[in-house]
Amino acid sequence: MIEEKFVIPKKLKLATYVLIAIGLVSFGWGFVTDPQRSWANYLLNNYLFVSLAVGAAFFISIQYIAQAGWSAAFKRIPEAMAAYLPFAAVFFLLLLFGVHSLYEWSHAEELAHDHLIQHKSPYLNVPFWGIRILLFFGLWILLTKWMRKISLKEDREGGMRYFYQSEHLSKVFIFIVAVSFSAFSVDMLMSLQVHWFSTIFAAKMFISAFLHGAAVITLIVIILHKYGYLQVLNRSHLHDFTRYMFMLSIVWGYFTFSQFMLIWYGNIPEETSYYVHRWHGPFQILFYVSIILNWFIPFLFLMPRSNSRSKLAMVPVIILLIIGQYVELYYEIWPATLHEAKFGLLEIGSWLGFAGLFSLIVITYLAKANLVPKNHPYLEESIHHHF
Amino acid sequence: MIGVFDNEFDLVKAFEKVKARGVKIDEVYTPYPIHEILEGMGKKTRISHAAFFYGLFGALLVLGGMYYAAVVSWPLNFGGKPFNTFPSFIVVTIVATILIVTLATLFTFSARAKVFPGKQARIVHPAATNDKFVMVLLTDGSAEEAAALERILQENGASEIIKQNEPHG
């Protein structure tokens, strides 16, 4: 049993407040000068950090279902990331005010003469869209909070009972998240181009959430280790974290390529519109940048055993993956809403604001519980993990 | 000299002691891989590097082959697509590369380990293919050395000790 309390450094807390202030100023200035672009930024950052939280919650579930031993000591980090979900729910409900700036299907005049939007309107209409946000977040928050409660109870009381409960809840959670997050990414991103559809889109966004969630979990673990916490971390743990990033980046590349290749080969106008829209200027470059950052570099660079066990090699890849996630979402949202690649202080400021808030929530929840679970049945195995 | 052990822990203890004495350990047979033994034997494999280069070679070979067939040798117009339909080559490349890597690595391993179909199996001890842990030591032939090793094996819980003067096989 390891008694380890995370104490929030004053400077870090101050830094997150500064970042949040930067974000608020950026959005304040943005909504006055260019509301549509601000809403696009709002959607991008909201979706980005919700993916991380959902990816983290999915990570815990996978560990429980597989009864993985190695990760038991690091369970609090994804738990703290999942604590962002209630805040994200509020932000997504606020998106209802921006729905007309982003989504073509919400325009009454489009609905009046566009047959396809009429056909989709029983599903894609503003009230039902809002209800779905409530429903999805309700389910995610309920399950993640419940699992957190069980996890803290296990700290106090011990025994196998809470492990089995968590495992059971995890099984429920992955089924719910598979369906709900798919529908969520379709609602939030795919419906931006209401005439276009892709059946692998939801799977791709889901893998993206898991990949970048795993990358951020790893980054937080490495940072905590650097500042003297989580001293149980060894090279074998790092190798296991790398395996997640490596494996998921391959799946990400596979799905992204599948979507592109089939649309390119089929050459059906209603499908190709997505890429035709993005096959010029900066967006064409971003297509390749996204593949290089999210697949090519992790795949090639994390392959050698020595790299996959070294913090020095992993941290740059993680940072590139975080940039890669931004690029991927930018590539989804900007061509569909603004139709041109605008990037400036507003984009940077709003990302910093959300990053600050996310960090503040994560560190707050890390400080609330013992940093290493006390009575997790696999804790010993995790501490002595070695291969 | 051959030491047969009933469990992993006895084997590892004896293994460390024998190694500390500087005796050459010829081979250890275990029902499953044991980390300490893998490290202790000090054998490094370069087969993963070989596999990487087979993969690189295979990918280039397949891509080059398809490019040659579809663009250079016999260009055909399929539905107005360019001759070099690169994205559709990728799928074939992935699958064929996996096949090339698998086969080439298998052949490399067989050649290096001198394993081939129909080879007479070298069974050191009948239980080595079953649930026992078997360690084969090469002694220098002197009687004191043999006695000392036997004592080490016995003290560490060997269930059976077989003395052989010649290398088995």
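In this predicted model, helix H2 (residues 35-65) of chain A packs against helix H9 (residues 161-188) of chain A, with the two axes 9 Å apart and at an angle of about 155°. Because an angle over 145 degrees counts as roughly antiparallel, H2(A) is described as roughly antiparallel to H9(A). The crossing of H2(A) and H9(A) is left-handed. On the side of H2(A), the contact is made by Leu43(A), Tyr47(A), Val54(A), Ala57(A), Phe58(A), Ser61(A), Tyr64(A) and Ile65(A). H9(A) contributes Ser166(A), Glu167(A), Ser170(A), Lys171(A), Phe173(A), Ile174(A), Val177(A), Phe181(A) and Met188(A). Sorted by class, the residues in this contact of H2(A) with H9(A) are 12 nonpolar, 3 polar and 2 charged.

A second helix pair in chain A is formed by helix H4 (residues 85-94) and helix H8 (residues 126-157), whose axes come within 9 Å and cross at roughly 170°. H4(A) is thus roughly antiparallel to H8(A). Here Leu85(A), Pro86(A), Ala89(A), Phe92(A) and Leu93(A) of H4(A) meet Ile133(A), Phe137(A), Trp140(A), Ile141(A) and Thr144(A) of H8(A). This contact of H4(A) with H8(A) has 9 nonpolar residues, 1 polar residue and no charged residues.

Both pairs belong to a chain built with helices and without strands: chain A has 17 helices and 0 strands. The radius of gyration of chain A is 21 Å, close to the 21 Å that the globule rule gives for 387 residues, so chain A is as compact as a globular protein of that length. Taken along the principal axes, the C-alpha atoms of chain A fill a box of roughly 65 × 40 × 40 Å.

Chain B has 5 helices and 4 strands. Read from the N terminus, its elements follow the order β-α-β-α-α-α-β-α-β. The strands of chain B form an open sheet of 4 strands in the order S2-S3-S1-S4, with antiparallel pairing. Strand S2 (24-29) and strand S4 (158-162) of chain B stand at the edges; each has a single partner strand, so one side of each is left without a neighbour in the sheet. From one strand to the next, the twist averages 20°.

At the S2 edge, 5 bridges join S2(B) to strand S3 (residues 133-138) of chain B, and these two strands run antiparallel. Tyr29(B) stands opposite Val134(B) in S3(B). Helix H1 (residues 8-20) of chain B packs on the sheet and touches strand S1 (2-5), S2, S3 and S4 of chain B, its direction making about 15° with that of S3(B). Helix H5 (residues 143-155) of chain B lies across S1, S3 and S4 of chain B and runs at about 160° to S4(B).

The overall dimensions of chain B depart from the globule rule. A compact globule of 169 residues would have a radius of gyration near 15 Å, but the value for chain B is 25 Å. The C-alpha trace of chain B spans about 85 × 30 × 25 Å along its principal axes.

What remains is the place where the two chains touch. The contact takes 7 residues from chain A and 4 residues from chain B. On the side of chain A that touches chain B, the residues divide into 6 nonpolar, 1 polar and no charged.

Terms used:
Residues numbered from 1 in each chain as written. Chains lettered and ligands numbered in written order. Predicted model: local features only at pLDDT ≥ 70, side-chain atom pairs only at ≥ 80, totals over all residues. Contact = placed C-beta atoms within 7 Å. Nonpolar A, V, L, I, M, F, W, Y, C, P; charged D, E, K, R; others polar. Axes fitted to C-alpha atoms, helices over the stretch in contact; angles between N-to-C directions. Parallel < 35°, antiparallel > 145°, perpendicular 65-115°, else oblique. Left-handed = near helix turned anticlockwise from the far one by under 90°. Pairing = 2+ DSSP bridges. Rg over C-alpha atoms; globule rule 2.2 N^0.38 Å.
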